[in-house]
Amino acid sequence: MLYGIAAATSALLLAAVLAALLRLLALRLGVVERRRARAVPLLGGVAVVAVTAFVAGVGEWTDVAPLGPAAGRLLAAGIGVGALGLVADLWPPPTLVRVPLQAAVVTGAAALTVPYDELGPVAGAVAVGWIALATHAFTSLDHADGVMGTVAVVTAFALSGCAAAEVMDGLAALLSVLAAALTGFLMHNWPPARIVPGRCGALFVGFLLTSAAVLVHTGRAAGSSVGAGFALTAVATADSVLVLVSRRRAGRPLLRGAPDHLVHRLRRLGVTPQGAAVVVGVTGFAAALVGMLIDMGWVSATAALWVAGGVCVAVLALLRIPTYGGRHVPSYGSRLTVKPQVGPRVQAHLRVSKR
């Protein structure tokens, strides 16, 4: 109990301090992206990955809170996935290269963590595919300040409770440390964000959460496993479905970024950035709570149908909000190139040259 409190407190404080330091480093190196016409430093995900790995590793090394083989493999694979995201943050490749490479790496990492001996080859392959898709859905939540972090915190806490109920102490400790690190990071990522997680943090967090959902529900009835897994990732699923349907109907490329996500549409309704993050976070909390109650057997798996109905209603309602056309809004996640400022003498010389 005391170690859990100390680990969570340490992860929160370390993530907050490290994120502040990495913000300065990102600004110095020019590792920024554009959000609403302002430059926001990347590298926030490095703080989440480093702090989660460090605090969880200390518990493993001291044998106070050993992770165990399954959680240890999950953490190692997550660090590898996060390293890929860091490379994409520092040297962003074209979308047609990044998306297939990202899918291949996440799929390979998922294949190393799925327990085939309990699921079997067919169910194991389905779980690997679901992890890859759900991880991409979580990364798409990082389109506005504070959204991905808020949803991830409530999901991590819910999954930690599920793991504790299944007596998976190592996995529960890892998820608790992740939730605390994300909370510390949110001190700098809350709108208006001073630093963002980037693909490093989004991939790491999404992979850990979706893979942990598979590990927690392995060996349970298929209905409760599917229902709980869907409820725990309902917000990310709703956002992905909304974007895919919207771009398909508009005849736009599916991989080209646009302001058509959940928060973008809430902002068009007049909701403030902070209010939009709160709305999405509360929705994620409600859905994650349903998933945890299904896992603990307090409600039946059919409760997930209410979550699915809510997702359908929300998607249909938000599709009616126009997002394309009108004044061009820069898409989130694009790298920002800042032109160097010139002095008055250079400006005078340029005016003379034009004459």
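**Exercise 1. Determine how H4 and H6 are oriented to each other, and what their contact is made of.**

Step 1. Start with the axes of helix H4 (residues 95-113) and helix H6 (residues 121-140): they come within 9 Å and cross at roughly 130°. Axes are lines fitted to C-alpha atoms, for helices over the stretch in contact, and angles run from 0 to 180 degrees between N-to-C directions. Helices (H or I, at least four residues) and strands (E, at least two) are DSSP runs, numbered from the N terminus.

Step 2. Classify the angle. Under 35 degrees is roughly parallel, over 145 roughly antiparallel, 65 to 115 roughly perpendicular, and the rest oblique. H4 and H6 are therefore oblique.

Step 3. Give the hand. The H4 and H6 crossing is right-handed; that means the near helix is turned clockwise from the far one by less than a right angle, while anticlockwise would be left-handed.

Step 4. List the contact (heavy atoms within 4.5 Å). Gln 102, Val 106, Thr 107, Ala 110 and Ala 111 of H4 meet Val 128, Ile 131, Ala 132, Thr 135, His 136 and Thr 139 of H6. By class, this contact of H4 with H6 has 6 nonpolar, 5 polar and no charged residues. Ala, Val, Leu, Ile, Met, Phe, Trp, Tyr, Cys and Pro count as nonpolar, Asp, Glu, Lys and Arg as charged, and the others, Gly among them, as polar.

A note on the basis. This is a predicted model: local features need pLDDT of at least 70, side-chain atom pairs count only at pLDDT 80 or more, and totals for chains, interfaces and linings use all residues. Residues are numbered from 1 along each chain as its sequence is written, and side-chain values use heavy atoms, with hydrogens and water left out.

**Exercise 2. Do the same for H8 and H9: find their orientation and the classes in their contact.**

Step 1. The axes of helix H8 (residues 169-189) and helix H9 (residues 198-217) come within 11 Å and cross at roughly 150°.

Step 2. H8 and H9 are therefore roughly antiparallel. Their crossing is left-handed.

Step 3. H8 contributes Leu 171, Leu 175, Leu 178 and Leu 182. From H9 come Phe 204, Val 205, Leu 208, Leu 209, Ala 212, Leu 215 and Val 216. The contact of H8 with H9 divides into 11 nonpolar, no polar and no charged residues.

Step 4. Check the connection. Pro 192 sits in the loop between H8 and H9. The peptide bond from Pro 191 to Pro 192 is cis, with omega near -5°.

**Exercise 3. Describe how H2 packs on H9, and inspect the loop before H2.**

Step 1. The axes of H2 and H9 come within 6 Å and cross at roughly 45°. H2 and H9 are therefore oblique.

Step 2. In H2, Gly 45, Val 46, Val 48, Val 49 and Thr 52 meet Cys 200, Gly 201, Phe 204 and Val 205 in H9. The classes are 6 nonpolar, 3 polar and no charged.

Step 3. Leu 43 lies in the loop between strand S2 (38-41) and helix H2 (44-61). Leu 43 is not a glycine, yet has a positive phi of about 75°. Most residues other than glycine have a negative phi.
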